[in-house]
Amino acid sequence: MSKLTRRNFLKAAGSTFALGSAGLGFPHIVGAAKKKVVVIGGGVGGTIAAKYIAKADSSIQVTLVEAKPYHHTCFMSNEVIGGDRDISTIKFGYDKLAAHGINVVQDKAVMVDPVAHKVKTADGTTLGYDRLIMSPGITFKWETIEGYDEDAAETMPHAWIAGHQTALLRKQLEAMDDGGLVVLAPPGNPFRCPPGPYERAAQIAHYFKHHKPKSKILILDAKDKFSKQGLFTQGYKKRYGDMIEWVPGADTGGGVKAVDAKAMTVSTDFDDHKVSVANIIPAQKAAQIAHDADLTDDSGWCPVDLGTFESKKHKDIHIIGDAGIISGLPKSGYAASTEAKVCASAVVHHLHEKEPGINSYANACYSIIAPDYGISVVAVYKLGEDRSKIKKIGGGLTPSDATPEALRREVHYAYSWFNNMTAEMFG
Amino acid sequence: MLHKVAREALLFCVFMLLPFSTALAGETASPSMLSDTCLGCHGPGGISDGPATPTISGMSEVYIIAAMLAYKYDNDEDKVEAIIEADPDLEDVEFFARTSTVMDRIAKGYSEAEIKVIAKHFANLPFVAAEQDVNKKQAKAGAEIHENHCEKCHENGGSSAEDDAGVLAGQWIPYLEYTMADFESGDRAMPKKMKKQMKDAHAAYGDNSVADLIQFYAGQK
């Protein structure tokens with residue numbers, strides 16, 4: 001078959017995905033009633049798991065349950081906050097998933113019955129499953145910061161679940177006077193998107209540099225070190241001088257402990273700061289439904305088998321994405337995608353009563369310090385022999401002596417990451 | 001005794017498998033398991049949505065392996081040549097130094113056996129050209145340069161994978177620009193023939209020849 005013919009055929013098929021990477025090569029399940037997989041959560045993990053299961057075996061009935069009609073990606077939301085990107089560009093709908101054979105239920109999953117193998121939604125619908133995949137994301141431990149709650153977050157946004165909160169923080173930065181102080185308060189580990197707060201500081205500084213050059217960003221961290229620290233510190237200095245100041249937890253007794261959203265003050269054990277804008281990112285745990293379904297442990301996250309992501313608490317339920325305890329992988333978008341693919345393979349194998357094969361995992365995470373200054377961390381992983389950890393085989397950070405041209409290209413590859421990741425999710 | 005029999009049986013299997021398979025059974029993850037990890041950056045089906053990351057589906061197996069080995073071993077020619085030498089599967093692979101932003105770090109996470117599996121997987125998938133606007137005047141000029149200086153190795157307007165050169169036709173413009181900039185700066189090694197042709201093209205068509213070629217390739221479907 002000539003190249004040209006294949007291409008024309010592809011055009012005729014009208015979809016690049018239809019001829020996408022080969023499936024797992026399973027024959028359709030015949031005889032028995034259709035196997036049912038329910039997926040809760042329409043973020044990275046949920047959409048990709050649903051698509052990969054449908055692709056591997058179209059005879060499996062895949063239902064994706066997601067309350068919101070649109071998803072705002074957390075990745076690239078820092079560019080919205082910095083002003084270089086419109087929020088509409090990080091907004092995606094689920095309308096293309098039906099073409100992959102996925103039944104999308106736009107309703108909130110309110111109850112999981114692990115024994116009866118059933119999911120209930122807010123409108124009273126009951127969905128039975130053979131296997132349930134949950135990619136529910138995070139919620140906040142509001143109680144860890146005195147005076148901070150959902151209402152206070154309308155004045156001092158966390159902007160750590162993208163959408164309304166992202167737009168709110170952007171609006172506040174636009175409204176503030178030049179010369180103001182922004183406090184950014186990142187939580188202790190583990191939390192969603194470890195380099196995210198530090199990319200955000202750079203994006204805000206990028207905005208200030210051009211529009212409010214007398215303003216300052218103070219990062220009051222709960223931690224003493226952070227992701228890509230050397231590269232961020234280098235980038236801050238090169239591009240923003242001393243506009244960004246990072247204070248480790250050791251110097252403040254562990255970061256921000258209390259806020260007063262009315263008085264616009266932020267307090268550590270030692271100091272109070274009067275702020276123009278406060279971006280408070282509280283400590284996190286698995287989303288509420290994971291707790292309600294008895295899938296979490298004392299840490300607030302979900303213990304899982306690292307080879308299949310099946311819950312260690314309830315069988316036939318798999319948990320992927322930020323809600324899981326995935327030793328070795330960061331809580332990143334790419335990690336959620338790799339977990340989704342491995343989980344999809346495990347689920348399809350199990351439904352065919354076959355043992356899953358050898359796994360492969362990867363992470364690729366970009367941070368944009370300035371429009372021509374990108375950095376990254378990447379890694380390839382395998383499951384450790386005793387399954388207690390996902391082990392890094394190779395990878396690493398952008399070299400600290402990378403050329404300006406290499407840093408510029410990393411931004412373009414970051415945008416490609418965004419386009420291709422969202423195509424994997426929603427395309 | 002049993003032990004010896006088993007060992008001989010195993011050796012026999014190894015011997016039988018080597019010439020035919022890219023990896024010993026059970027040694028690597030499946031082709032889709034390994035290759036699906038690439039798609040978050042290279043796109044569903046290995047077809048990139050751009051703006052810069054290249055489409056890797058439809059490239060030749062030999063080309064992908066050569067790139068991955070150069071990345072994995074940081075352009076250590078002796079090391080890569082020794083690996084090529086030792087593996088009959090790699091007979092057609094040629095070493096050329098090349099730089100990258102992230103791929104040199106990522107390639108270190110995969111074994112040679114895995115790289116072969118991944119290369120074969122993407123080589124067997126169809127290439128789909130990027131939808132992008134090109135400068136028609138430049139593309140037309142580029143077409144002539146291509147015909148006279150590039151077509152012999154980059155067959156069918158740069159769309160063929162069978163020549164084991166990179167698939168240029170329908171790749172994203174920024175990617176083509178980076179690649180050509182690296183060739184010109186010496187960050188990426190050119191085969192001898194290419195070096196000569198590039199020099200001749202410069203002499204015949206002037207300083208815009210590379211930019212014109214890029215517009216030509218970018219517009220190919």
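**Exercise 1. How far apart do the C-alpha centres of domain 1 of chain B and domain 2 of chain B lie?** Work it out, then describe how the two domains touch.

*Solution.* Keep in mind that this is a predicted model.

- Step 1: get the bounds. Chain B splits into domain 1, residues 27-123, and domain 2, residues 136-219.
- Step 2: take the centres. Those of domain 1 and domain 2 of chain B are 22 Å apart, going by C-alpha atoms.
- Step 3: look for contacts, using C-beta atoms within 7 Å as the cut-off. On that basis, 18 residues of domain 1 of chain B meet 15 residues of domain 2 of chain B.
- Step 4: sort the domain 1 side by class. That side of chain B has 9 nonpolar, 7 polar and 2 charged residues.

**Exercise 2. Which stretch of chain B has a pLDDT below 50?** Start from the whole chain and zoom in.

*Solution.*

- Step 1: check the chain as a whole. Chain B has a mean pLDDT of 90, with 88% of its residues at 70 or more.
- Step 2: find the weak spot. Residues 10-26 of chain B fall below 50, and this stretch makes 13 contacts in the model beyond near neighbours in sequence.
- Step 3: decide how to read it. Where pLDDT is low, don't read the predicted coordinates in detail.

**Exercise 3. Which element gives the largest share of the side of chain A that touches chain B?** Build up the interface from both chains.

*Solution.*

- Step 1: look at the scores for the complex. The predictor reports an ipTM of 0.91 and a pTM of 0.92.
- Step 2: count residues. Chain A puts in 45 and chain B puts in 39.
- Step 3: list the elements of chain A that give two or more residues to this side: α1 (3-13), α8 (333-351), β22 (361-370), β23 (373-383), β24 (390-397) and α9 (404-426).
- Step 4: pick the top contributor. That's α9(A), whose 13 residues are the largest share.
- Step 5: break the chain A side down by class. You get 20 nonpolar, 18 polar and 7 charged residues.

**Exercise 4. What is the strand order of the open sheet of 3 strands in chain A?** Then trace one pairing down to a residue.

*Solution.*

- Step 1: write the order. In chain A it runs β14-β15-β16, and the pairing is antiparallel.
- Step 2: spot the edges. β14 (258-260) and β16 (272-274) of chain A each pair on one side only.
- Step 3: get the twist. Ignoring direction, neighbouring strands of this sheet are turned by 15° against each other on average.
- Step 4: zoom in on one pair. β14(A) and β15 (residues 265-267) of chain A share 3 bridges in the antiparallel sense.
- Step 5: name a partner. A:Asp260 is bridged to A:Thr265 in β15(A).

Terms used: Residues numbered from 1 in each chain as written. Chains lettered and ligands numbered in written order. Predicted model: local features only at pLDDT ≥ 70, side-chain atom pairs only at ≥ 80, totals over all residues. Pairing = 2+ DSSP bridges. Helix = DSSP H or I, 4+ residues; strand = E, 2+ residues; numbered from the N terminus. Axes fitted to C-alpha atoms, helices over the stretch in contact; angles between N-to-C directions. pLDDT = per-residue confidence, 0-100. Contact = placed C-beta atoms within 7 Å. Nonpolar A, V, L, I, M, F, W, Y, C, P; charged D, E, K, R; others polar. Domains from an automatic or database assignment.
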